[in-house]
Each structure stands twice: as structure tokens, then as C-alpha cells.
Amino acid sequence: MKYCTWLSGRPAGLLCAGLLACATAHATGNPAPIQRYLYQKDGLQLEITAPRADVMRVRVGRGHLPEDASWAVPAAARAPHGTLGVAESGATTVIDSGSMVLRLDHGSLAVSVTDRGGRELLGSAAGQELAFDGAGFRLRLAMPVDAHYFGLGDKTGPLDRRDGSFTLWNTDHYAYGPASDPLYKSIPFVLGANERGEAFGFFLDNHWRTNFDFGKAERDTLVVSAEGGPVDYYVLAGPSPRDVLMQYAALTGTPPLAPLWALGFQQSHWSYMSQAEVESIADRLRADRIPADVLYTDIDYQDRNRPFTINTKTFPDFPGMVARLRRQGLHLVMITDLHIAKAPDQGYAPYDSGTAADSFVKNPDGSVFTGPVWPGPAVFPDFSRAAVRQWWGEQYRDFVKMGVSGFWNDMNEPAVFNTRSKTMPLNVVHRIEEPGFITRTASHAEMHNVYGMLNSQATFEGLRRLMPDVRPFVLTRASYAGGQRYAATWTGDNLSRWDHLKLSVSMLVNLGLSGFAYVGDDIGGFAGEHPTPELLTRWIELGAFNPIFRDHYAYGKPPQEVWVDGAEHEAIRRRYIEARYRLLPYIYGLAEESSRNGLPMMRPVFLEYPRVLGGGDNFGGTQEQFMLGPDLLIAPSPTPESMAAYEIRLPGDGWFDYWTGQRVSGSKLMETPVIDRLPVYVRPGAIIPKQPLVQSTTEQPRGPLTLAVYPGADCHGSLYLDDGESFGYAHGRYLRQAFSCAQSGAELEVNFAARAGRFPPWWQAIELEVHGVNGDSIAELKGKPLATRVDRETGDLVIELPDLATATSVKIRTGH
């Protein structure tokens with residue numbers, strides 16, 4: 001590769017071929033191709049590389065560059081790719097990656113980045129851009145007046161981060177409020193976008209305690225600071241918000257395809273106290289015909305709250321219980337906190353084996369750190385060592401043999417009781433023993449924010465080894481950037497209050513914009529008073545359109561299952577859960593897409609319609625709305641506790657009401673809330689696959705596949721199917737098919753692309769459900785007429801088709 005070093009503004013040395021190009025660039029201003037640009041001044045070293053043409057990386061160190069290692073970005077993703085064009089222009093170096101242009105001011109070391117068209121992606125604030133303070137640093141960046149900022153994980157507050165200040169320090173924050181900070185995850189990634197919908201990304205790969213201040217302390221200035229660690233950041237070019245998220249996923253990874261059952265309804269409680277209680281919950285779900293796929297056991301299934309144990313007095317036949325649940329179409333997910341009870345000479349295998357392998361973090365004097373948590377005095381695995389992560393993964397062997405389907409890593413900030421900091425002391429010693437890293441010790445101040453992610457990595461990789469052809473499901477509370485490669489997540493210990501129902505939308509959407517596709521909250525609220533019947537019903541309605549759909553509530557609260565509050569509320573809640581299960585082909589397709597490109601399943605309206613960012617206050621009325629994939633827009637009330645009418649603004653005309661199938665008039669609607677209706681709208685041009693109702697994803701749907709067609713511009717949809725459990729899709733055991741439609745006058749043509757993959761469909765027939773077309777229409781396939789009928793509820797046209805695996809078209813002559 002071509003590699004040159006610049007010292008004091010001059011090409012002072014050559015580390016491989018390319019001297020002539022370097023010297024020519026310095027003398028003439030013509031670009032010279034290299035892979036790394038290095039600059040040194042006043043004891044600072046700066047390096048600029050481009051992992052992709054649309055991503056540039058900047059690293060700065062005092063005396064020497066920081067170690068080129070990352071828990072978030074794998075080595076292959078951060079390595080220089082292609083070449084940089086470098087030219088000198090007076091006291092400025094201009095570096096061109098092919099899609100981006102970085103300018104370095106030699107005097108101040110200020111960095112600015114534009115795209116090739118001159119659009120500013122990153123600009124320096126007035127005054128000093130980068131300042132070091134002890135072990136830490138502060139980076140000051142300009143905030144354009146029309147810029148909006150999103151991301152940072154599960155932060156409270158509105159969707160837009162502008163004018164807020166946020167600390168990244170994983171914290172066990174029980175019963176947090178609408179303005180609480182920090183919370184459970186630290187994801188130092190920001191998606192920025194202007195009011196024309198042009199976007200960029202900024203990712204600081206530093207897992208020390210950090211802070212992002214979006215103009216709160218300094219007007220129109222983004223101040224990013226850290227207590228320690230490297231100046232190591234990436235600028236992502238966009239230009240669209242979707243592009244930025246895919247660029248971020250290319251760096252930090254995409255979420256793996258989850259098992260299909262994880263997308264079903266999940267019921268949980270701290271705690272179902274006995275085997276009999278767990279089985280009674282399962283029986284009630286099935287007796288009331290509430291579709292469900294998952295039950296959870298919280299800490300009280302354990303012997304004295306010790307992880308990887310079972311209280312055989314209250315759970316006398318745990319394997320039998322798991323098998324019984326499986327026969328009912330229910331998967332069990334078990335909590336496994338990371339604190340290991342300090343129980344020497346008591347036959348507690350995790351402590352004994354962990355001690356023998358020297359697996360636990362240490363005090364500065366070399367003794368094992370002990371802190372109080374649920375089992376009492378506990379020790380903590382040192383997950384920064386690959387061997388310890390392997391030891392941890394092995395602890396799941398017995399549970400996997402029992403047939404347990406998934407695992408829940410809680411308390412992994414890590415939480416420690418009876419301490420003001422809520423965690424272990426900052427001088428606790430970890431040891432990094434990891435390929436790609438220098439082997440060394442590290443303080444907890446350095447490792448804290450990445451500790452929870454490494455816990456979920458250990459669980460995920462352990463399950464992969466124990467079940468090589470079964471997709472793991474891991475749920476984590478704490479994480480860092482890149483943690484989406486290992487686990488789903490949720491928003492922690494929320495409250496049963498209306499403001500937390502509203503808050504769930506911005507928190508989940510921002511988690512999706514931070515790389516986590518599989519996100520949810522505790523439906524109904526975890527802590528606080530029991531939710532009113534109306535609050536729980538509203539929350540279940542909204543949760544039906546979240547990626548992870550879990551009803552979970554705390555110890556000491558009255559029951560919060562679907563059937564509480566009487567038959568009327570149960571019927572409404574059941575109807576929304578049923579709607580979720582009918583939509584599973586669409587939702588599963590979103591999950592598969594996310595596994596390829598990193599786009600979130602639950603997303604802000606601006607991700608699909610960036611122009612709404614210029615719509616004035618509240619992004620044209622869309623900030624409280626969200627989309628499930630590209631085709632469904634959910635529009636809850638901005639004041640969910642109120643029965644007052646509110647305005648819904650849609651991003652254009654021609655949308656359809658999902659519940660009635662009818663096209664709505666205009667893009668501004670008034671909605672008067674009623675308890676059994678959550679407004680949901682369908683994009684004109686959508687083709688959405690649906691299935692007959694099932695009680696569990698283990699049940700094969702019976703009947704035809706439905707393709708709901710909503711005619712409009714850019715008409716398309718797709719279908720993805722596999723066995724929902726294994727990795728057979730990687731070897732061709734999947735089914736993928738694309739659809740499109742086009743309208744010309746009174747004729748509508750629905751096109752089927754040829755099917756890809758070798759997985760057999762569960763259906764033998766297809767129903768085209770064509771909305772906005774009346775029953776007088778005529779349909780034909782290859783010149784032959786097709787059977788049609790009129791939907792009794794909506795009046796829409798329904799066309800009966802055989803299964804169509806090859807490329808073909810259905811022609812419809814409307815009666816309009």
C-alpha cells in the first residue's frame with residue numbers, strides 16, 4: 001500500500017512506495033493517492049483514513065496514536081479501503097476519499113468534512129476545536145441552524161436531541177423519569193439531518209464516560225467530551241438518512257436474523273414464583289385464545305437468586321415444564337444475571353469453576369472484587385477476556401439441554417447494590433485478552449460502558465457453540481455500539497404512566513437509529529402503580545407494532561396480563577395481538593432486511609420521507625408518529641391520556657386506513673380517540689403479505705397467503721420465509737419473492753417476480769386483496785378469468801389465485 005507520513009506540514013518520510021506522489025502533491029496541489037494520511041504538530045499525531053469511500057475516520061493522539069482496536073468496529077470494517085487523494089492548498093491539506101472531502105487546517109488542526117458537492121457534513125466551531133484536559137478531551141463542532149440530531153440509544157426526551165445534553169454511562173436507573181439521564185446503554189452515534197432531508201453520521205468510538213451537548217451549553221455548538229480514551233471518530237456521508245444507517249451498520253454490524261418466535265407476543269413478570277404459576281399463565285393464554293410465543297422466568301426460579309441454578313422446591317420438574325410449554329407452542333426465556341454468588345465450598349459450580357479459571361475482575365490489590373447484588377455477596381466475570389466469555393457460555397449447557405429457547409442478561413451495566421455509584425468502583429481491574437488488542441489491564445472506568453455488551457456477546461457466542469444450527473435469542477439491558485450483533489434490548493425499568501407510554505416511541509425509535517432493530521419496552525410499565533385498564537389497553541395496542549412485544553411488570557404489582565380488567569378490555573387487547581400475528585410475514589421480512597442492511601424495523605417517518613424534517617414544528621406533525629417498515633404509519637395521540645381530538649398529518653396524499661382498507665382523503669386528518677382504535681395507515685403503493693391467524697409461530701397457518709395491494713406510485717412489496725429457527729437460509733433454504741403493481745387508466749397490473757430460494761411455502765393458494773378497487777372489476781391470469789369476490793366488511797376486491805412461484809402478472813380491469 002502507499003503510505004506517507006507528514007511531519008510539521010511537510011512530507012518528512014516515506015514508509016513504502018509513493019514518495020514521488022507525496023512530494024508532488026505537496027509541491028503542486030495535485031492529489032496523490034495514499035491509504036493513510038498522518039500529520040504531527042505540537043506533540044499531537046493525527047491520522048485520517050477511509051474505511052469506505054463514504055466513511056472517513058479521524059484519530060488523534062498525544063505523542064502517539066491511540067491503539068487501533070475496537071469492541072464496536074471489527075478490524076476488517078475499520079481498515080483503510082481504497083486510496084485517498086491528498087493535496088496541499090496553502091495552510092490546508094485537502095483529502096478526498098472519492099465521496100467525501102476533508103480539510104485539515106495546519107494551524108488549529110481543525111477538521112471540516114463535506115461531500116463531493118460541497119455540502120457540509122462536519123464543521124469546526126469557532127475557537128479551539130479539540131482540547132485535551134488531563135486524560136480526557138473535548139471536541140467542539142458547529143451545529144447548522146437547520147440541523148437535527150438523533151440516536152445515542154435509549155435516552156429520554158423528545159426524538160430530536162438538539163438543545164439537550166446527554167451523558168453516556170451505563171446506569172441501573174430504576175423507575176426513571178421522562179428527563180432521567182444517564183440510562184442503560186451508551187451508543188455514541190449520532191444521525192444528523194438538515195431540513196432538506198440531507199443527512200450525515202458521527203460516531204465516536206470511545207467507551208469511557210462521555211457527554212454529547214447539542215447546543216445546550218454553547219449555542220449552535222455540539223460539544224463532545226470524554227473522561228478518557230481515544231479521539232477516534234467516523235464521519236458518514238449519507239446523503240439520505242437511510243444511507244447513513246447502512247453506513248453505520250457496515251461499521252458496527254447488523255443484527256442477526258432472530259428466530260421467528262421472538263417476534264410473537266411475550267409475557268413476563270418479576271416473578272412467576274413457581275412452576276405451577278408459570279403453567280397456569282400458559283394455560284390461561286391458550287384457554288383465552290390469546291396468541292403468544294414466549295414466557296419468561298425472572299430471578300425467583302433460582303435457588304437463593306444464584307444464577308444458573310433452579311429452586312427445585314418451587315420448580316420441581318423444570319425440564320418437564322419446558323417440554324409442556326413447548327407442546328403448547330410456547331418458548332421459555334430465562335433471566336441469567338452476570339453476578340455470580342460468592343459461595344465457596346458450597347458446591348455452587350459457577351463460582352467454583354470461575355474461581356478455578358481465575359475468571360473474575362479484581363481489586364487493585366489483586367483480590368477478587370466482591371459486591372452485593374441479588375444473591376448477596378457476588379463476583380463478576382471479566383468479559384474482556386475471550387477465555388472468560390467462553391467459560392460463561394458453557395454455563396448455559398444444562399439449560400439448553402432442557403430445551404430453554406432464550407436468555408435474558410439483566411443487571412449488566414453492571415449494577416451493584418448499596419453504592420452511591422450503583423456500580424463497581426472505577427479502579428476495579430479488568431484484563432484485556434482479546435485478538436486484535438494489546439494484552440493489558442484496564443480500569444473499570446475504561447471498561448464500564450462495554451461490559452454489558454461483552455456479557456451479551458459471551459451469551460450469544462456460547463449459545464452458538466451449544467446449538468450450532470439454532471438461532472440464539474439474547475435480551476440485554478446494557479450495551480454499547482455494535483451490541484446489536486449479539487442481542488435484542490429493551491428500555492429498562494419504566495413506569496406505568498401515560499407519559500412513559502408516549503416516551504416509549506421516541507426511545508424505541510432512537511434505539512433503532514442507533515443500530516438496534518430488535519427493541520421493545522415493558523408493555524404496561526414495569527414499576528409504579530398498576531396501570532389503569534385504559535393505559536394497559538393503549539400500551540398493548542401500540543406494542544403490537546413494536547419489534548419486541550413483551551408485557552412485563554414488577555414484583556408487588558397486581559397482575560398485568562392481557563386478561564385483567566374484564567372481558568371488554570381483553571377482547572380489544574386480543575384483537576391487536578391477533579393483528580400482529582396476521583402481519584408476521586411482513587414483520588419477519590423487515591427482520592430479514594435488517595439482518596442484511598441494518599435498517600431498523602421501527603423507524604421515524606423521516607427515514608422514509610426525509611422532507612418532513614423541513615415541515616416546521618414537530619417535523620410537520622410526525623415526531624410522535626412512527627413507521628413499522630416502509631409501509632405502515634402508526635399515529636398515536638400526542639396526549640395519549642386525553643380524549644381530545646388531534647390532527648394527524650400524513651406525508652402526502654392517497655394513504656389508506658389499515659383497519660378499514662379505505663383510502664383517506666387528503667394528508668391532514670382529525671382523529672377523536674376511542675379506546676379500541678389506534679390509527680394506522682398504509683402507504684399508497686404498498687403490497688403487504690399477511691397470513692391466517694395462528695396461536696403461535698409453531699403452528700403452520702392454514703389457508704391462503706394474502707397479498708394486500710394498496711395501489712399508488714412506486715408500488716412494490718416483498719415476501720421472505722424460512723424455517724424461522726435454523727441457519728438453513730444461509731444455504732438456500734429460504735423463499736424470497738418480490739411484487740409490484742402499475743396502474744394505467746382503468747387497468748391495474750400486479751406483477752409477481754420469480755421466486756428465489758428452496759424453502760417450500762406453507763400455502764397452496766394466494767388471495768390478492770386489492771384496496772380501492774370495487775367488486776365490479778374483472779381479473780385474469782394469462783388471459784384466463786380468475787374467481788373474485790367482494791370483501792363484506794370493506795367492499796374491496798378479493799382475487800383467488802393459485803400459488804405463483806414464477807414470473808407472471810395478474811391484470812385487473814376496474815369497474816370505476
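# Close-up views of a predicted model

**View 1. Strands S39 and S43 pair within a five-stranded sheet.** Strand S39 (residues 632-634) and strand S43 (residues 680-682) run antiparallel and are joined by 3 bridges. The model shown here and in the other views is predicted. Ile634 has Val680 of S43 as its bridge partner. The two strands belong to an open sheet of 5 strands, ordered S37-S38-S39-S43-S41, and the pairing is antiparallel. At the edges are strand S37 (602-603) and strand S41 (656-657), each of which pairs on one side only.

**View 2. Phe545 sits in the largest nonpolar core.** This core has 176 residues. Phe318, Phe545 and Leu632 are the residues with the most contacts inside it. Helix H9 (residues 444-466) gives the most to the core, with 9 residues. What does Phe545 contact, leaving aside its neighbours within four places in sequence? Its partners are Tyr576, Arg580, Leu583, Phe626, Leu628, Ile634, Trp659, Leu678 and Val680. Two of these names return from View 1: Ile634 and Val680 are bridge partners. A second, separate core has 44 residues, among them Met100, Leu104, Ala147 and Leu152. As background, nonpolar side chains tend to be buried together in soluble globular proteins.

**View 3. Val190 is a buried residue of strand S17.** The strand covers residues 189-193. Is Val190 buried or exposed at 2% relative accessibility? Buried means under 20% relative accessible area, so Val190, at 2%, counts as buried. Beyond its neighbours within four places in sequence, Val190 is in contact with Tyr149, Phe150, Leu152, Phe200, Gly201, Phe202, Phe212 and Phe214. One of these, Leu152, is in the second core. Val190 and Ser514 are 324 residues apart in sequence, yet their C-alpha atoms are 7.7 Å apart in space.

**View 4. Strand S19 is mostly covered and pairs with two strands, S15 and S20****.** S19 spans residues 210-214, and 5 of its 5 residues are buried. Thr210, Phe212 and Phe214 point one way from the strand. Asn211 and Asp213 point the other way, and these too are buried. Phe212 and Phe214 are also contacts of Val190. Strand S15 (residues 165-168) pairs with S19 in the antiparallel sense over 4 bridges. Here Ser165 stands opposite Asp213. Strand S20 (residues 221-226) also runs antiparallel to S19, joined to it by 5 bridges. In this pair Phe214 stands opposite Leu222. S19 and S20 form a hairpin with 6 residues between them. Gly215, in the turn, has a positive phi of about 80°.

**View 5. Helices H10 and H11 pack together.** Helix H10 (residues 498-512) meets helix H11 (residues 533-543) at an angle of about 10°, and their axes are 10 Å apart. The two helices are therefore roughly parallel to each other. From H10, the contact uses Trp498, His500, Leu501, Ser504 and Val505. From H11, it uses Glu534, Leu535, Arg538, Trp539 and Leu542.

**View 6. Helix H13 packs against helix H12.** H13 has 14 residues. From its first C-alpha to its last it reaches 20 Å, close to the 20 Å expected at 1.5 Å a residue. Of its 14 residues 12 are buried, so H13 is largely enclosed by the rest of the structure. The buried residues include Leu584, Tyr586, Ile587, Glu592, Glu593 and Asn597. Gly598 follows the helix and has a positive phi, near 80°. Helix H12 (residues 567-582) packs on H13 at an angle of about 60°, with their axes 5 Å apart. H12 and H13 are therefore oblique to each other. Arg580, Tyr581 and Arg582 of H12 make the contact with Leu584, Pro585 and Ile587 of H13. Arg580 is also a contact of Phe545.

**View 7. A six-stranded open sheet carries helix H13****.** The 6 strands follow the order S46-S47-S48-S54-S50-S51, and the pairing is antiparallel. Strand S46 (715-721) and strand S51 (784-785) stand at the edges, each with a single partner strand, so one side of each has no neighbour in the sheet. Strand S47 (residues 735-744) pairs with strand S48 (residues 747-752) in the antiparallel sense over 6 bridges. Phe752, in S48, is the bridge partner of Phe739. Helix H13 (residues 584-597) packs on this sheet and touches S46 and S47. The helix direction makes about 85° with that of S46.

Notes:
Residues numbered from 1 in each chain as written. Predicted model: local features only at pLDDT ≥ 70, side-chain atom pairs only at ≥ 80, totals over all residues. Heavy atoms only, no water. Core = buried A, V, L, I, M, F, W, Y, C linked by side-chain atoms within 4.5 Å. Buried < 20%, exposed > 50% of the residue type's maximum accessible area, 1.4 Å probe, protein only. Contact = heavy atoms within 4.5 Å. Pairing = 2+ DSSP bridges. Axes fitted to C-alpha atoms, helices over the stretch in contact; angles between N-to-C directions. Expected span 1.5 Å × (residues − 1). Parallel < 35°, antiparallel > 145°, perpendicular 65-115°, else oblique.
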